[in-house]
Amino acid sequence: MEKTPYAVDFLWKQIETGYKEIRKSRYKELLKEFLFNPKLREKAEKLKDEKSGRDYEGGLLERTASTLSIALCIYDNYPEIDIDLILTAVIMNLFCKTFPRKECYKKIDSYPEVIPFLFLKSRKKPSVELTVYDSIIKLDAKIYMKLQKFRKINKER
């Protein structure tokens with residue numbers, strides 16, 4: 001099976017860097033339960049991300065690391081956004097994929113502000129943070145797809 005070209009430890013370090021940037025203890029407590037669980041990490045490392053084109057083992061881990069980096073860059077220019085909420089949603093998107101949807105929902109149901117990021121049908125009114133989150137996911141996918149084309153062209157030369 002094809003795997004991410006990046007070292008898994010490197011990707012986890014990027015994700016942990018995003019986690020360390022979160023200031024709200026409420027979100028840190030939620031994420032700690034998932035991020036530092038070796039069994040969940042092992043499951044997460046195997047997940048593919050067909051949506052962004054990373055249809056290989058570790059693809060979702062790679063996208064998570066990438067989108068966290070993009071989110072932090074955007075926050076540098078727009079400090080009014082709730083970056084803690086966005087970073088939490090990006091990381092939870094990874095870990096929610098390790099559970100059936102209903103089970104994931106139960107694990108975060110006491111965080112109603114996070115739910116719309118992970119369950120699109122629960123969105124009622126778009127917020128700035130949801131717009132930023134969706135845009136980051138789309139931007140990352142576009143960059144990845146363009147780079148894949150570029151790499152293929154250069155490989156053929």
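Glu-16 is buried, because its relative accessibility is 14% and the cut-off for burial is under 20%. This report, which concerns a predicted model, starts from that residue and proceeds through the salt bridges to the packing around helix α1.

**Salt bridges**

Glu-16 pairs with Arg-41 in a salt bridge whose closest N and O atoms are 2.9 Å apart. The two residues belong to distant parts of the chain: Glu-16 lies in helix α1 and Arg-41 in helix α3 (residues 38-45), 25 residues apart. Arg-41 is likewise classed as buried, because its relative accessible area is 16%.

In total, the count of salt bridges comes to nine. Three of them are set out below.

| Salt bridge | Closest N and O atoms | Separation along the chain |
|---|---|---|
| Glu-16 with Arg-41 | 2.9 Å | 25 residues |
| Arg-63 with Asp-49 | 3.5 Å | 14 residues |
| Asp-140 with Arg-54 | 2.7 Å | 86 residues |

In the pair formed by Arg-63 and Asp-49, the closest N and O atoms are 3.5 Å apart. This pair also links distant parts of the chain, with Arg-63 in helix α4 and Asp-49 in the loop between α3 and α4. Both Arg-63 and Asp-49 are buried.

The side chains of Asp-140 and Arg-54 meet at 2.7 Å, N to O. Asp-140 belongs to helix α8 (residues 128-156), whereas Arg-54 is found in the loop between α3 and α4. Asp-140 counts as buried because its relative accessibility is 2%, and Arg-54 counts as buried because its value is 4%. These two residues are part of a network of salt bridges that links Arg-54, Glu-62 and Asp-140.

**Packing of α1 against α4**

Helix α1 (residues 8-20) and helix α4 (residues 59-77) have axes that come within 9 Å and cross at roughly 35 degrees. The crossing of α1 past α4 is left-handed. On the α1 side, the contact is made by Val-8, Leu-11, Trp-12, Gln-14, Ile-15 and Gly-18. On the α4 side, the contributors are Leu-61, Glu-62, Thr-64, Ala-65, Leu-68, Ser-69 and Leu-72. Sorted by class, the contact comprises eight nonpolar, four polar and one charged residues. Glu-62 thus appears in this contact and also in the salt-bridge network with Arg-54 and Asp-140.

**Thr-4, ahead of α1**

Thr-4 is located in the segment before α1. Thr-4 is buried, because its relative accessibility is 11%. Its side chain reaches the backbone nitrogen of Tyr-6 at 3.3 Å. With residues up to four places away in sequence not counted, Thr-4 touches Leu-11, Tyr-56, Glu-57, Gly-58 and Glu-62. Among these, Leu-11 and Glu-62 also take part in the contact of α1 with α4.

**Tyr-19, within α1**

Tyr-19 has its place in helix α1. Tyr-19 is buried, because its relative accessible area is 7%. Leaving aside neighbours within four places in sequence, Tyr-19 is in contact with Lys-28, Leu-31, Lys-32, Leu-35, Phe-36 and Ile-91. A further relation across the chain involves Asp-84: the C-alpha atoms of Tyr-19 and Asp-84 are separated by 8.8 Å, although the two residues are 65 residues apart along the chain.

How values were computed: Residues numbered from 1 in each chain as written. Predicted model: local features only at pLDDT ≥ 70, side-chain atom pairs only at ≥ 80, totals over all residues. Heavy atoms only, no water. Axes fitted to C-alpha atoms, helices over the stretch in contact; angles between N-to-C directions. Helix = DSSP H or I, 4+ residues; strand = E, 2+ residues; numbered from the N terminus. Left-handed = near helix turned anticlockwise from the far one by under 90°. Contact = heavy atoms within 4.5 Å. Nonpolar A, V, L, I, M, F, W, Y, C, P; charged D, E, K, R; others polar. Buried < 20%, exposed > 50% of the residue type's maximum accessible area, 1.4 Å probe, protein only. Polar contact = N/O pair within 3.5 Å; in protein donor to acceptor, adjacent residues only side chain to side chain. Salt bridge = Lys/Arg side-chain N within 4 Å of Asp/Glu carboxyl O.
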